[in-house]
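User: I've got a model open and want to work through how it packs. Can you take my questions one at a time?

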Amino acid sequence: MRDIEKVVSKLPSLTANVLIMTNAPLSEEVHEFNRTYDARPRCEVVQWQGDEDTPLLVRAVGRLVG
């Protein structure tokens, strides 16, 4: 979550939404961040370990651009 907080601290200076992709399992704290973060620009964290996770990545991108 510390790494995510570093990114979030820079969000006010950004104009585009942010997708953080990691191969590490998401903690419950990160899941809660994804559920509750509603500031602009949007930010979401997704675990991607390979092709089997591509649908998760596609859905996250869709939420951020839509």
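**Packing, pocket and loops**

User: Which residues of helix α2 are buried?
Analyst: This is a predicted model, and α2 covers residues 28-36. Buried here takes under 20% relative accessible area. In α2, the residues that meet that are Val 30, Phe 33 and Asn 34.

User: How wide an arc do they cover around the axis of α2?
Analyst: An α-helix has 3.6 residues a turn, so residues three or four places apart point the same way. The buried residues of α2 sit on the same side of the helix, because the arc they cover around the axis is only 95 degrees.

User: And which residues are exposed on the other side of α2?
Analyst: The buried side has Val 30, Phe 33 and Asn 34, and its cover includes α1 (2-10) and β2 (43-47). Turn to the other side of α2 and you get the exposed pair, Glu 28 and Arg 35.

User: Is Asn 34 buried or exposed?
Analyst: Asn 34 lies in helix α2 and touches Leu 26, Glu 44 and Val 45, leaving aside neighbours within four places in sequence. The cut-off is under 20%. Asn 34 has 19% relative accessibility, so it counts as buried.

User: How many residues are in the largest nonpolar core?
Analyst: β1 (18-22), α2 and β2 each put in at least two residues. Val 30 and Phe 33 are among the members, as are Ile 4, Leu 11, Val 18, Ile 20, Leu 26, Tyr 37, Cys 43 and Val 45. That makes the size of this core 10 residues.

User: Which residues is Cys 43 in contact with, leaving aside its neighbours within four places in sequence?
Analyst: Cys 43 belongs to the largest nonpolar core. Set aside the neighbours within four places in sequence, and its contacts are Val 8, Leu 11, Val 18, Ile 20, Phe 33, Tyr 37 and Leu 64.

User: Now the largest pocket: which element gives the most to its lining?
Analyst: The pocket holds about 210 Å³ of space, and 13 residues line it, with Met 1, Asp 3, Ile 4, Thr 22 and Val 30 nearest its centre. By class, that lining has 9 nonpolar, 2 polar and 2 charged residues. Both α1 and β1 supply at least two of the lining residues. With 4 residues, the element that gives the most is α1.

User: Is Val 58 buried or exposed?
Analyst: Val 58 is in helix α3 (residues 54-65). Exposed takes over 50% relative accessible area. Val 58 has 53%, so it is exposed.

User: How far apart are the C-alpha atoms of Val 58 and Tyr 37?
Analyst: Tyr 37 is part of the largest nonpolar core, while Val 58 is exposed. The two are 21 residues apart along the chain, and their C-alpha atoms are separated by 19 Å.

User: What's the peptide bond from Arg 40 to Pro 41, cis or trans?
Analyst: Pro 41 has its place in the loop between α2 and β2. With omega near -5 degrees, the bond from Arg 40 to Pro 41 is cis.

User: Last one: what separates the C-alpha atoms of Ser 13 and Pro 41?
Analyst: Ser 13 is in the loop between α1 and β1 and is exposed, at 63% relative accessible area. Along the chain, Ser 13 and Pro 41 are 28 residues apart, and their C-alpha separation is 9.3 Å.

Technical notes. Residues are numbered from 1 along each chain as its sequence is written. This is a predicted model: local features need pLDDT of at least 70, side-chain atom pairs count only at pLDDT 80 or more; totals for chains, interfaces and linings use all residues. Side-chain values use heavy atoms; hydrogens and water are left out. Buried means under 20% relative accessible area, exposed over 50%, partly exposed in between (1.4 Å probe, protein chains only). The arc is that of the directions from the helix axis to the C-beta atoms. Contact means heavy atoms within 4.5 Å. A nonpolar core is a set of buried Ala, Val, Leu, Ile, Met, Phe, Trp, Tyr and Cys residues joined through side-chain atoms within 4.5 Å. On a 1 Å grid over the protein atoms alone, a cavity is a set of points where a 1.4 Å probe fits but cannot get out, and a pocket is an open set with protein on both sides within 12 Å along at least five of seven lines; lining residues have an atom within 4 Å of a point. Grid points are joined across faces, edges and corners, and a volume is the space filled by probe spheres set on the points. Ala, Val, Leu, Ile, Met, Phe, Trp, Tyr, Cys and Pro count as nonpolar, Asp, Glu, Lys and Arg as charged, and the others, Gly among them, as polar.
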